[in-house]
Amino acid sequence: MRSLNISIVGATGVVGAKLIKLLEVSPVPVNRLRLLASRNSAGRQVRFRDEICFVEALDEIGDLETDIAFLCAGSAVSLEWAPRFAAQGAMVIDNSNAFRMDSDVPLVVPQINPSVLSHRPRPGIVANPNCTTIQLARALRPLVTALDVHQIILATYQAASGVGLMGIDELRNGTRAALEGSSGPPAARFPVPLQFNVIPQVGEIDLEGVALEERKLVQEARKILAMPDLRLTSTCVRVPVENGHSEAVYIEFEKPVCLQQVHELLAQEEGVRLYADGIREGYPTPRFLTNPADVHVARVRVNPENPRGLWLWVVADNLQVGAALNALLIAQLAIANRVIGK
């Protein structure tokens, strides 16, 4: 296939930077890499495959022609620029919440629903799911495919990097100030200071008391798994961790569940690492993930009070598995299926 022209919007953010590194070592043939960001970032230099790329100001460019446009700069930017790139013939892979629940836009996790990429009633735009949804759906897929699920209840433990570089900086600066005996600056990216704290709110809370992240988990999981009636509820919590989201997931099935069957299903799932022996293998934590490209599943156990209930502990790198890597895999899937790059 021919080499591709690729543009990354939000190239200097945490997801954009991670995407550049993954793209550099990927098999994707790149003719031209265009890095786009705000005016404040214009002129920065980024090395890519032994070449120097200069960051350009998005609002100052005139030529939008590209084969693939990765959008990693938030919903407002995506709503304005995704249709513009698509109108010029690009495949837009959008990492924001702007188009995920649009019925005409596929919401893709390549390990789960690759076929939907071929059905795009709204030409050009593909949605990359929310980070918490991706790791949850990938852990659930083998179980909900083989077993009848009654309901799913979970709590998330989400890192500061989920709100970008400013979230990481706010956690670091606040922690440093607290250790020095100061209250530090007021919270900006979080509802209250995150250092030495946990916050039971990720996203705005609506009139029913449900946070935006909790809505996303339900709606996106149903769409990705093609289970519109899936009963799922969650409490999403921000924790003082720089990177890596964790989830405590409780699945109740229609019939008693066999632990050995669960182990077999999870062990066979592509990109899922199962810690079957919790005593010898231990369990994953976000700080010490051995492979940031995998979804890590541990503490797998049947509820001793209910043989239909199963607990899972699920950990993943939210910037890689939950964002940049999934976006890159969407692009590679499109290339392999000749959706682009013909």
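## The second largest pocket

The second largest pocket is lined by Ala 11, Thr 12, Val 14, Ala 17, Lys 18, Ile 20, Lys 21, Glu 24, Val 46, Arg 47 and Leu 319. The model in which this pocket is found is a predicted one, and the volume computed for the second largest pocket is about 240 Å³.

Two elements, helix 1 (14–24) and strand 3, each contribute at least two residues to the lining of this pocket, and helix 1 gives the largest share of that lining, with six residues. Sorted by class, the lining of the second largest pocket consists of six nonpolar, one polar and four charged residues.

## The seven-stranded sheet

An open sheet is formed by seven strands in the order 3-4-2-1-5-6-7, and its pairing is mixed. Strand 3 (45–48) and strand 7 (125–127) occupy the edges and have a single partner strand each, so one side of each is left without a neighbour in the sheet. Between neighbouring strands of this sheet the turn is 25° on average, with direction ignored.

Within this sheet, strand 1 (residues 4–9) and strand 2 (residues 30–37) run parallel and are joined by six bridges; Leu 4 is placed opposite Val 30 in strand 2. Helix 2 (residues 75–87) lies across strand 1, strand 2, strand 5 (68–71), strand 6 (91–94) and strand 7, and the direction of helix 2 is at about 175° to strand 5.

## The six-stranded sheet

Another open sheet, also with mixed pairing, is built from six strands in the order 9-8-10-13-12-11. Its edge strands are strand 9 (232–238) and strand 11 (272–274), each of which pairs on one side only, and the twist from one strand to the next averages 20°.

Strand 12 (residues 295–302) pairs with strand 13 (residues 309–316) in the antiparallel sense, over five bridges, and His 296 stands opposite Val 315 in strand 13. Helix 3 packs on this sheet and touches strand 8 (149–158), strand 9, strand 10 (245–253), strand 11, strand 12 and strand 13, with a direction that makes about 35° with that of strand 10. Helix 5 (residues 212–225) also packs on the sheet, where it touches strand 8 and strand 9, and the direction of helix 5 makes about 140° with that of strand 9.

## The crossing of helix 3 and helix 7

Two packed helices are described by the angle between their axes and the distance between the axes. For helix 3 (residues 131–146) and helix 7 (residues 320–336), the axes come within 8 Å and cross at roughly 90°. Angles of 65 to 115 degrees count as roughly perpendicular, and helix 3 and helix 7 are therefore roughly perpendicular to each other.

On the side of helix 3 the contact involves Cys 131, Ile 134 and Arg 138, which meet Val 321, Gly 322, Ala 323 and Asn 326 in helix 7. By class, this contact between helix 3 and helix 7 holds four nonpolar, two polar and one charged residues.

## The enclosed space

How many cavities of 30 Å³ or more does the count give? The count comes to one cavity, and the space in the largest cavity amounts to about 40 Å³.

The residues that line the largest cavity are Glu 170, Gly 174, Pro 185, Pro 186, Ala 187, Pro 193 and Gln 195. Divided by class, the lining of the largest cavity has four nonpolar, two polar and one charged residues.

Methods
Residues numbered from 1 in each chain as written. Predicted model: local features only at pLDDT ≥ 70, side-chain atom pairs only at ≥ 80, totals over all residues. Heavy atoms only, no water. 1 Å grid on protein atoms, 1.4 Å probe; cavity = no way out; pocket = protein on both sides within 12 Å on 5 of 7 lines; lining within 4 Å. Points joined across faces, edges and corners; volume = space filled by probe spheres on them. Nonpolar A, V, L, I, M, F, W, Y, C, P; charged D, E, K, R; others polar. Axes fitted to C-alpha atoms, helices over the stretch in contact; angles between N-to-C directions. Helix = DSSP H or I, 4+ residues; strand = E, 2+ residues; numbered from the N terminus. Parallel < 35°, antiparallel > 145°, perpendicular 65-115°, else oblique. Contact = heavy atoms within 4.5 Å. Pairing = 2+ DSSP bridges.
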